[in-house]
Amino acid sequence: MADVEKKDTVIVGAGPGGYVAAIRASELGQKVTLIEKSDTLGGVCLNVGCVPSKALIQAGHRLEQAKDASTYGISTQAATIDFKQTQQWKQTKVVDRMTSGVKMLMKKHHVDVVNGEAVFLSDTQLRVMPTGEKQFMSTDTGQTFEFNNIIIATGSHPIEIPGFKFEGRVVDSTGGLNLPEVPKEFVVIGGGYVGTELAGAYASLGAHVTIIEGTGSILPNFEKDMVAVVLKKLKKKGVDVITNAMAKSSSQDDQGVAVTYAVDGKETTIKADYCMVTVGRRPNTDTLGLEYTKVKLDKRGLIEVDQQGRTASEHIWAVGDIVPGAALAHKAFAEGKTAAGAISGKKTANDWTSVPAVCFADPELATVGYTQAEAKEKGLKVKTSKFPFAGNARAVSLDAPDGFVRFVYTDDKNKNVVGAQVVGPEASTLTGELSLIVNGGMNVEDVALTIHPHPTLNEPIQEAADIALGFPTHI
């Protein structure tokens, strides 16, 4: 067996949590080794997740606009799509560019990148084995590291459900992002963030899409009046949404796939070119050898951590999809910085209350802090104020008047903003300001007195604050 190499800070996983932790740890003076089993850095998010999906969503919007701009008095010839070229653009101009950027950042910050799969031997040692066929051919294969501290950031993987093995025309989200052509018929099982986003994207690209959702509504983590705006647009795109439906089985051949589902016990079979299953993800913790450490897992396989990301082992930290909380890249960014800071002795801590959540549906949805129901559950007396995009000049000029901005604020003299929601054009961008408002403990008067430029999509934020004060302007 090879000699043991001593390391300062080791990070396992080069996704959002891992590579950001590596940068921050290096900036704080730690000598960092980053272990990644994939050939590219950036994790699921950059390679096969949130970034390439936004590229397909954008391509879909462009195609829709090219097909019909009659609202603006513009006549166009029939628009077509070369999907192979679209996929090539997505990969080379978006994904490859971003992953190359992460590689450059590792070099800039003098992070030693090791390609391989890590397995813990103890609370202070791990073995890194090469990926591929030669992984376990010899006891001399691989490297053993002894570390002062380690941050686990190994991410998650899609859940496979009975009757829908990921093969051929039954795909997970990765396969859904890399289809060889735009399907004429596309079935999406699971109407959460990923399912709804890609369903909308492929509908915009020309597919007829059917969403099969097991609960009473798609996007169950968002409030009903927000989801209603998205459902209206999905219906306009021709998307069929079937709720309270249980996916039962699938069968496929070279031409397509048949999907059987049940509603109230009655089974129905529909045919499609492809079926994508997006019913959730599981943490990548079961093959790490954590049983040889003091690290504790909950019943879902998530690693138990404190507010700094420290596990039950004083040398081991964990961030991202493998710890409790929403599986969001920006949450992992923050947790990676917190853990790296804590290792350096900084008084860092995570605050998961005000983590913004965004769904890039059409239109986009976003929420930060408490909803009205959540605030009441916490014992807070709150009120809400809402301003519609239909009253915003910029939204109307963009032909995107659907949706609204809403504040949740305390029902007292302070009127502190404890939550905010937005559904409508550029909701993802507006959430940056809303996050600052909620995390900064601002009250509605602070927001109302902040002059917003006109005409912009930001103005409904100020307008919602005006309403809360009892002095509405454009409504």
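This walk through a predicted model covers its second largest pocket and its cysteines.

Start with the pocket. The second largest pocket holds about 1,300 Å³ of space. Its lining is made of 34 residues. Closest to the centre are His61, Glu64, Gln65, Lys233 and Asp362. Three helices each supply at least two residues of the lining: H3 (50-67), H6 (193-204) and H7 (224-236). H3 gives the most, with eight residues. By residue type, the lining of this pocket divides into 14 charged, 12 nonpolar and eight polar residues.

Now turn to the cysteines. A disulfide is a covalent bond between the sulfur atoms of two cysteines. Here the cut-off is a sulfur pair within 2.5 Å. The count comes to one disulfide. Cys45 and Cys50 form it, with their sulfur atoms 1.9 Å apart. The torsion about their S-S bond is about -115°, so this disulfide is left-handed. How buried or exposed are its two partners? Cys45 has 13% relative accessibility, so it counts as buried. Buried means under 20%. Cys50, at 29%, counts as partly exposed.

Why does Cys275 have no bond to Cys359? Cys359 holds the closest cysteine sulfur to that of Cys275, but the distance is 19 Å, too far for a bond. Cys359 is in no disulfide either. The nearest cysteine sulfur to Cys359 is that of Cys50, 12 Å away. Cys275 counts as buried because its relative accessibility is 0%. Cys359 is also at 0%, so it counts as buried.

Note on methods: Residues numbered from 1 in each chain as written. Predicted model: local features only at pLDDT ≥ 70, side-chain atom pairs only at ≥ 80, totals over all residues. Heavy atoms only, no water. 1 Å grid on protein atoms, 1.4 Å probe; cavity = no way out; pocket = protein on both sides within 12 Å on 5 of 7 lines; lining within 4 Å. Points joined across faces, edges and corners; volume = space filled by probe spheres on them. Helix = DSSP H or I, 4+ residues; strand = E, 2+ residues; numbered from the N terminus. Nonpolar A, V, L, I, M, F, W, Y, C, P; charged D, E, K, R; others polar. Buried < 20%, exposed > 50% of the residue type's maximum accessible area, 1.4 Å probe, protein only.
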